[in-house]
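The report below walks through a protein model element by element, beginning with the strands and ending with the helices that pack on them. Please keep the sequence and the 3D view at hand while reading.

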Amino acid sequence: MKDLLYYIAQNLVDNPDDVTVTEREEPNETVFELRVNSADMGKVIGRGGRIAKEIRALMRSVAQRQGKRISVDIVD
């Protein structure tokens, strides 16, 4: 799943080399932290947060199929 988030983010931004995804285990879920270049932050979040919501929904859908719980944090 980490690779899927990385792939999505790289294809949205102008600086794909600056994309990093870190995985952190919490007691009940896995948290993915997505970091992008500050110039690309708007492209990942989108107007009104629409793109960020869709990324999170897609990732949750994939996680549910695997019986896991995840969350995606976009960190600046």
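## Sheet, helices and core

Glu23 has Phe32 in S2 as its bridge partner. The model in which this pairing is seen is a predicted one, and the descriptions that follow should be read in that light.

**The sheet.** Six bridges join S1 to S2, and these two strands run antiparallel; together they form a hairpin with four residues between them. Thr22 also takes part in this pairing, its bridge partner in S2 being Glu33. On the other side, S2 and S3 pair in the parallel sense, again over six bridges. Within that pair, Thr30 has Ile70 in S3 as its bridge partner, while Glu33 stands opposite Asp73 in S3. Strands of a sheet pair through backbone hydrogen bonds, in either a parallel or an antiparallel sense. The result is an open sheet of three strands in the order S1-S2-S3, with mixed pairing. S1 and S3 are the edge strands, each of which pairs on one side only, and neighbouring strands are turned by 20° against each other on average, direction ignored.

**The middle of the sheet.** How much of S2 is buried? Five of its six residues are, so to speak, under cover, and the strand as a whole is mostly covered. Phe32, which is found in strand S2, is buried, with a relative accessible area of 2%, a value that lies under the 20% limit used for that word. Leaving aside neighbours within four places in sequence, Phe32 is in contact with Met1, Lys2, Leu5, Val21, Thr22, Glu23, Ile70, Ser71, Val72 and Asp73. Leu5, one of these contacts, is 27 residues away from Phe32 in sequence, yet the C-alpha atoms of the two are 8.5 Å apart in space.

**Two residues set side by side.** The table gives the accessibility of Phe32 and of a residue of H1, Tyr7.

| Residue | Element | Relative accessible area | State |
|---|---|---|---|
| Phe32 | strand S2 | 2% | buried |
| Tyr7 | helix H1 | 55% | exposed |

**Helix H1.** The buried residues of H1 are Leu5, Ile8 and Ala9. Seen down the axis of H1, these residues fall within an arc of 95°, so they line one face of the helix. An α-helix has 3.6 residues a turn, so residues three or four places apart point the same way. The buried residues of H1 pack against strand S1 (20–25), strand S2 (30–35), H3 and S3, whereas the face turned away from the buried side carries the exposed residues Asp3, Tyr7 and Asn11. The C-alpha atoms of Tyr7 and Val19, which are twelve residues apart along the chain, are separated by 9.4 Å. Not counting residues up to four places away in sequence, Val19 touches Tyr6, Ala9, Gln10, Val13, Leu34, Arg35 and Val36.

**Helix H3.** The 16 residues of helix H3 (residues 50–65) should span 22 Å at 1.5 Å a residue, and the end C-alpha atoms are 23 Å apart, which agrees. Which residues of H3 are buried? They are Ala52, Ile55, Met59 and Ala63. These cover an arc of only 70° around the axis, which puts them on the same side of H3. What covers them includes helix H1 (2–12), helix H2 (41–45) and strand S3 (70–75). The face of H3 turned away from its buried side carries the exposed residues Arg50, Lys53, Glu54, Gln64 and Arg65. H3 is followed by Gly67, whose phi is positive, near 75°.

**The nonpolar core.** The largest nonpolar core has 16 residues, and those with the most contacts inside it are Leu5, Val19, Leu34, Val36, Val44, Ile55 and Met59. The elements that give two or more residues to this core are H1, S2, H2, H3 and S3. Leu5 therefore appears both among the buried residues of H1 and among the core residues with the most contacts, and Ile55 and Met59, which are buried in H3, belong to that group as well.

Note on methods: Residues numbered from 1 in each chain as written. Predicted model: local features only at pLDDT ≥ 70, side-chain atom pairs only at ≥ 80, totals over all residues. Heavy atoms only, no water. Expected span 1.5 Å × (residues − 1). Buried < 20%, exposed > 50% of the residue type's maximum accessible area, 1.4 Å probe, protein only. Arc of directions from axis to C-beta. Contact = heavy atoms within 4.5 Å. Pairing = 2+ DSSP bridges. Axes fitted to C-alpha atoms, helices over the stretch in contact; angles between N-to-C directions. Core = buried A, V, L, I, M, F, W, Y, C linked by side-chain atoms within 4.5 Å.
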